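Me: I would like a close look at a single part of this protein. Please keep it brisk.
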Amino acid sequence: MAKKTHIFLQDQQETIKFRAPGGGSEEIQLPRRNRVDHAAFLRRRLTEAWNQASVIMTQRKAVSLPTRQGVYLQFRGAPGNKLPVTSLEQIRSGIRLLNVQYEGEPGQEVTTATVYIPDGKQELFLKKIAKYEKENTPKKGEPYHENLFAPLDDIRYAILESFWLDLPESIPTDDPIWCEAWLQGNSLEITESIFVMAEVFGILVNKNEILHFPERQVVLIKANRQQLVELIEGSSYIAEFRKARDTARFFEELENVEQSDWVNELLSRLQFNDSDVSICILDTGVNNGHPLLAPVIDDCDCHTFNPNWGRDDQRGHGTRMAGLAAYGDLRCILEGSSPVEVRHRIESVKILPSGGSNDPDLYGYITQQAASLTEISNPTRRRISCMAVTTSEGILTGRPSSWSGAIDALTSGYHDQHKRLFIVSAGTIPEAHWGDYPRINLKYPVEDPGQSWNALTVGAYTQKDNVTDLRYGPLTPIASANQLSPSSTTSVTWEERWPIKPDVVFEGGNGVRDQSGFPSGCDDLSLITTYFKPHQRHLSVFWGTSAATAEASHLAAQIQCEYPNMWPETVRGIIVHSAEWTSQMEAQFLDGRSRADYRKLMRIVGYGVPNVNRCLECSRHRLTLIAQEEMQPFEKSPKGTYRAKDMHIYKLPWPTEVLRGLGETLITMKVTLSYFVEPAPGEIGWGDRYRYSSYGLRFDINSPLESKDQFLVRLNAAVRDDGEKVETSSRSDRWNIGQTSDLGSIHSDFWKGTAAEIAECNLIGIYPVSGWWKLRPHLGKYEQRARYSLIVSLQTPDIETDIYTPIVTPIIVPVS
């Protein structure tokens, strides 16, 4: 059967002039002030701060110390009042807003803004204060500059995420795998009946290791898909099947000569079909003398940031990363017997010295330079950068840093217009803290540079919960299968304005507790990868978000090889689009079904666990449409102002009649919008004209009873008649996540509706929201064009109806 590839929509968008509809001005609640008294207070405080600055400057000049030609002032807002920081800056006069900070609980948050005022310009503020004190606006009769001065409390001199209850892709095919047969009931008669049936169908059974639970017993069987079907067809006692949790300890404990035999057997099955896709590991270096790495990384692809460090891996971390990036968890393919195709290559840049560490302030530069090394060496490769180096230093509240900003600049092509895919780790919690799982995970924030808007930030979950190592007494897995890994950091403690991180989670291993409750790592519950000293041993265990990040890059490379024309934004988008939360994650962290509950879940496990099959192909009951386009978000109007310019609208080629025929059948529609923003990481409030992102994009779909004209009128003020008033709020009640999905530079949401409803919802609008390209026009970016990837999917229950072919046949041949 031919593979059903994703459907790429080419030139299907309609470009329409766009004006933001505006929801009306937000009513600002200002503190009650006696403006005469308040003006006098502000004047006095401004003068005191200026005088204080003057004294200090005079003293410095007296002893020939360098002295600035202006003053730093801190404007402090009243609790719970929004400080209009944009009004504090006057660029033409040299008055600059330096930073904005927030403190306090929601509702009583205090905003402070630090402003630089050049010598001689303090009078501008004094004049505004005087006007506030004595004059009223002609139209409303309100005090001039009231929105600026009434919220001010002080001015100071200042500086400062049926039966087979496992992942669908783990269901066995023709090759048998070890499975857990969960039987309903606890009687001996039940297990004996299963043993008899297993013998009939040629199923291997472990008769000695049977687990008993209330109303359940679990038997380990080795079966393929057809044999499991036979059990279901032949037994009245099957409750569920799960994939058995094979352990890594078997390979870790082998002598090196035995490990070598396993590696050689695997090498005999490997098929290397080189493409121009590579994964660049930014880490401690990679030792490519390892038999499994030599075929995928050449000497010329091993680089170092500092020639004095050498290119070899003396710590082991980079070589472990490379093994997983090249092959995924080696345990999975070592135990198999089928050929393994490898289409991508590995590159390495050593960004950490063999001893000691770098200055954290230099990591952004080092990262950019490391990316340049590989691009200069091989400029035509489609490269996925993979980095699991993080730091817990500094303030970890989601705020951009120089490092995360450098990655955002690199990925967005800020300097050279070349977009790049970067996959980074969310950071790993030390095993000494796992005893407080999962509460510790909610307190341990994603580490720098995991807050990067454009990078795919990877956390960890685990399927591994089968402990066989009893040498040190009974050991209990810390996490259950398909729950958050004990090693994974989260963004629960972040400020709400920042993106959802991690974006997704991959396998990161599990930990154990001994009888006293002491936590530790466990070979049984780790992944298997390449060891950096193959003369000592070939295989090693690996866990944590580092392992998860390497596995994410392995999937990204598979996608890029399968779809050579996919943009980096699309590869990131399809990984997020394919992700789902496991039922165990929802039971663990989803307290309810409100938007706030989903927001908390997403800040722990992101969008969930990506699905390999959904990333790579469609099926009869699941289709994916992809558009890769660009638009110009902003323009300069004839009046010299800066405004929104274009929006795109798509009429999706739904199989309308097929959907209508399904009637009340529930269908899942999912939409993901992915783009890379250019960063402005300076801490200036990240609001109004000081936004971190260069622009933002949003999507909306029409309602079942909403025509195209009605849909456009709701979204776009430019198509309204003069004076026309309409309901402008988004029809977002259908969406599962809501406004939380608007954070960052990737937006993904889904809703479940009847097939008849979704048949009528075939219009998607993509429109711009503000960013510094528009709000900071002096930077000359307001006419830049912006790329984006739109991914839309429909999924029906596993029924006979084919929703894929009716779309593909009439419009386009799928791009592969």
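Me: On the other side of helix 2 from its buried residues, which residues are exposed?

Reply: Lys127 and Lys134 are exposed there. Exposed means over 50% relative accessible area, buried under 20%, and partly exposed in between, with a 1.4 Å probe and protein chains only. This is a predicted model: local features need pLDDT of at least 70, side-chain atom pairs count only at pLDDT 80 or more, and totals for chains, interfaces and linings use all residues. Residues are numbered from 1 along each chain as its sequence is written, and side-chain values use heavy atoms, with hydrogens and water left out.

Now the helix itself. Helix 2 spans residues 122-134, which makes 13 residues. Helices here are DSSP runs (H or I, at least four residues), and strands are runs of E (at least two), both numbered from the N terminus. From first C-alpha to last, helix 2 reaches 19 Å, close to the expected 18 Å. That expected span is 1.5 Å times one less than the number of residues.

The buried residues of helix 2 are Gln122, Phe125, Leu126, Lys128, Ile129, Tyr132 and Glu133. They lie on the same side of helix 2 because they cover an arc of only 160° around the axis. The arc is taken from the directions from the helix axis to the C-beta atoms.

What covers this buried side? The cover includes helix 1 (35-62), strand 3 (70-77), strand 5 (110-118) and helix 3 (146-149). Contact here means heavy atoms within 4.5 Å.

For the wider setting, the chain has 22 helices and 34 strands. Of its 816 residues, 56% count as buried.
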